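Colleague: Could you walk me through this one? I'd like to go contact by contact and then zoom out.

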There are 2 protein chains.
Amino acid sequence: MPILKSKPLFPMSHFFFHPVLREGKVVILSPEEGFHLEVERIIPQSPIMLCDGRGGLFKALYLGKRDQKHLVEVRERIEKVPPPYRVEIWQGILHAPARMDWLVEKATEIGVSEIGFFPSERSVVFQISAHRVERWKKIVINACKQSGRVFFPEIRIFPTWEDFLSVLFCFKGSVFWTDPTEKVALSNFLSDERERAFALLVGPEGGFTEKERETFFTFSHIHRVKLLSGILRSETASLVGASLLMGFLDGRYANSH
Amino acid sequence: MPILKSKPLFPMSHFFFHPVLREGKVVILSPEEGFHLEVERIIPQSPIMLCDGRGGLFKALYLGKRDQKHLVEVRERIEKVPPPYRVEIWQGILHAPARMDWLVEKATEIGVSEIGFFPSERSVVFQISAHRVERWKKIVINACKQSGRVFFPEIRIFPTWEDFLSVLFCFKGSVFWTDPTEKVALSNFLSDERERAFALLVGPEGGFTEKERETFFTFSHIHRVKLLSGILRSETASLVGASLLMGFLDGRYANSH
């Protein structure tokens, strides 16, 4: 029996994920997506939307359930333009997994392009389990359905600090390292900013060590900034910083059209 | 026995709350604050900081424990200037209490002046229990210690929609009603904004009803805005909106000095 839920606010609740989509094909929904379809009480021959997480958004028709499988016919593709900018969050691995779950959900909702976790000296935990990554992928799908996003953020796990540094070194764009002891605010940088790719660099609960900080000072594309007055928790800093960047970029590109 | 915790990053972890403070007096910490003092392994005759939540910040001396009570001598007052602006969040009561807990914690960290909850037509729950409000007061204390804030936000519970409307009506400042169907972004308003008091108005999970929306349209100081592209969950909208306002205001007052 389908579970009764309160009436959905947006038709986006009729929006389902399948990783490989092509016009005219019939696809089988994953068990999770099939379950959501039943929860939403969608009946056979209903129109739904399908999304592949990489910008592919399709009108589709729910055909019905056969052998416990939910069959959907992929119909017309709807053109979706990727956002003209990228915001990535790079967060030191946190001790509390629930706080990372939370960050994945919220950062996905606001529309970041990547959420990366790296081990640093003050990380109490240095590895992310495969189980946790699977959980995050589900959080991403649900948050994207919730917020109507068809470009899913990438979840990136940096196995070592050195791997992280090499990616940081090669990043084409501006990196903002959030540091509550800094006087210059992120907003002071943004007004003159012309880049289209931004990364936000946030330490784990204990912050960065002196050695790590010295490494960052040697990179010319890393700007040390404060976000707001006061000291923010690590995952709050990530979300607030990304919100400020997204707000700035949304405004810039809205005005340029 | 005190519990061993990882080394605190900021000395603000030696920062305790007591509601009534005066120079030269000896006060008894609450059991919760006494417990935190033990967790932080603070020994008698150690200097600590005391805060009353209304801007009073004092140097103090931990005298020791007598009859299970932690005694502290209040010493010199440190002058703290209140922030030159106010940001209030008014949030429709959410169905999931954990999401409200989360909002109270994060909004406190970023430094809002008030967090209010009001019942609206699509709120699944219409009342906040006294137990929940007590829990929020503790969350506020912990978040303020964490972020070094000495002006605690007020938690306001509006018993009815009409109570809420009367406060909304009398509010001296700009109110931003967040609505994902609106085209004008919050940032478009801010550049010309001269107010010092702002309130952010966010609906419950199902949004506002047509009738509620019509009421808002009759108030001239309510501006309907979108925050970012995409649809945000209710509590995410509150935090993102407040972050954008705080970021703007921090920047404005940093530049004016």
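Colleague: Let's start in chain B. Which residues is B:Phe15 in contact with, leaving aside its neighbours within four places in sequence?

Modeller: Keep in mind that this is a predicted model. B:Phe15 sits in strand S1 of chain B, residues 15–17. Leaving out neighbours within four places in sequence, the contacts of B:Phe15 are B:Met49, B:Cys51, B:Leu57, B:Cys144, B:Lys145, B:Arg149 and B:Val150.

Colleague: And is B:Phe15 buried or exposed?

Modeller: Buried means under 20% relative accessible area. B:Phe15 comes in at 1% relative accessibility, so the call is buried.

Colleague: How far is the C-alpha of B:Phe15 from that of B:Gln146?

Modeller: Along the chain, B:Phe15 and B:Gln146 are 131 residues apart. In space, their C-alpha atoms are separated by 9.0 Å.

Colleague: Two cysteines turned up in that contact list. How many disulfides does the structure hold over all chains?

Modeller: A disulfide is a covalent bond between the sulfur atoms of two cysteines. For B:Cys51, the closest cysteine sulfur belongs to B:Cys144, and at 7.1 Å that is too far for a bond. Looking from B:Cys144, the closest cysteine sulfur is in B:Cys51, again at 7.1 Å and too far. Over all chains, the count of disulfides is zero.

Colleague: What is the relative accessible area of B:Cys51?

Modeller: B:Cys144, one of the contacts of B:Phe15, counts as buried at 0% relative accessibility. B:Cys51 is buried as well, with a relative accessible area of 0%.

Colleague: Over to chain A. At what angle do the axes of helix H1 and helix H3 of chain A cross?

Modeller: Two packed helices are described by the angle between their axes and the distance between the axes. Here the helices are H1(A), residues 31–39, and H3(A), residues 130–147, and their axes come within 12 Å. H1(A) passes H3(A) in a right-handed crossing. The crossing angle is roughly 35°.

Colleague: Which residues of H3(A) are met by H1(A), and what classes are in that contact?

Modeller: From H1(A), the residues taking part are A:Glu32, A:Glu33 and A:His36. On the H3(A) side they meet A:Lys138, A:Ile141, A:Asn142 and A:Lys145. Sorted by class, this contact has one nonpolar, two polar and four charged residues.

Colleague: What covers the buried residues of H1(A)?

Modeller: The buried residues in H1(A) are A:Glu33, A:Gly34, A:Leu37 and A:Val39. Their cover includes strand S1 (15–17), S3, S4, S5 and H3 of chain A.

Colleague: What is phi of A:Arg41, just after H1(A)?

Modeller: Most residues other than glycine have a negative phi. A:Arg41 lies in the loop between H1 and strand S3 (46–51) of chain A. Its phi is positive, near 55°.

Colleague: And what about phi of A:Asp67?

Modeller: A:Asp67 is in the loop between strand S4 (57–66) and strand S5 (69–78) of chain A. With 66% relative accessibility, A:Asp67 counts as exposed. Phi of A:Asp67 is positive too, near 50°.

Colleague: Which residues does A:Val87 touch, not counting those up to four places away in sequence?

Modeller: A:Val87 belongs to strand S6 of chain A, residues 86–92. A:Val87 is buried, with a relative accessible area of 1%. Beyond four places in sequence, A:Val87 touches A:Val112, A:Ser113, A:Glu114, A:Phe198, A:Ala242, A:Leu245, A:Met246 and A:Leu249.

Colleague: Zooming out, what share of the residues of chain A count as buried?

Modeller: The secondary structure of chain A comes to seven helices and 11 strands, and the C-alpha trace spans about 60 × 45 × 35 Å along its principal axes. Among contacts between residues at least 6 apart in sequence, 74% join residues at least 24 apart. Of the 257 residues of chain A, the buried share is 54%.

Colleague: How are the two copies related, and which residue of chain A comes closest to the rotation axis?

Modeller: A turn of 180° with a shift of 0.0 Å along the axis lays chain A on chain B at an RMSD of 0.0 Å. The copies are therefore related as by a two-fold rotation axis. The same surface serves both, as 100% of the contact residues of chain A recur in chain B. Closest to the axis in chain A, at 3.0 Å by C-alpha, is A:Leu244.

Conventions. Residues are numbered from 1 along each chain as its sequence is written. Chains are lettered from A and ligands numbered from 1 in the order in which they are written. This is a predicted model: local features need pLDDT of at least 70, side-chain atom pairs count only at pLDDT 80 or more; totals for chains, interfaces and linings use all residues. Side-chain values use heavy atoms; hydrogens and water are left out. Axes are lines fitted to C-alpha atoms, for helices over the stretch in contact, and angles run from 0 to 180 degrees between N-to-C directions. Helices (H or I, at least four residues) and strands (E, at least two) are DSSP runs, numbered from the N terminus. A crossing is left-handed if the near helix is turned anticlockwise from the far one by less than a right angle, and right-handed if clockwise. Contact means heavy atoms within 4.5 Å. Ala, Val, Leu, Ile, Met, Phe, Trp, Tyr, Cys and Pro count as nonpolar, Asp, Glu, Lys and Arg as charged, and the others, Gly among them, as polar. A disulfide is a pair of cysteine sulfur atoms within 2.5 Å. Buried means under 20% relative accessible area, exposed over 50%, partly exposed in between (1.4 Å probe, protein chains only). Copies are superposed by least squares on the C-alpha atoms of residues with pLDDT of at least 70 in both.
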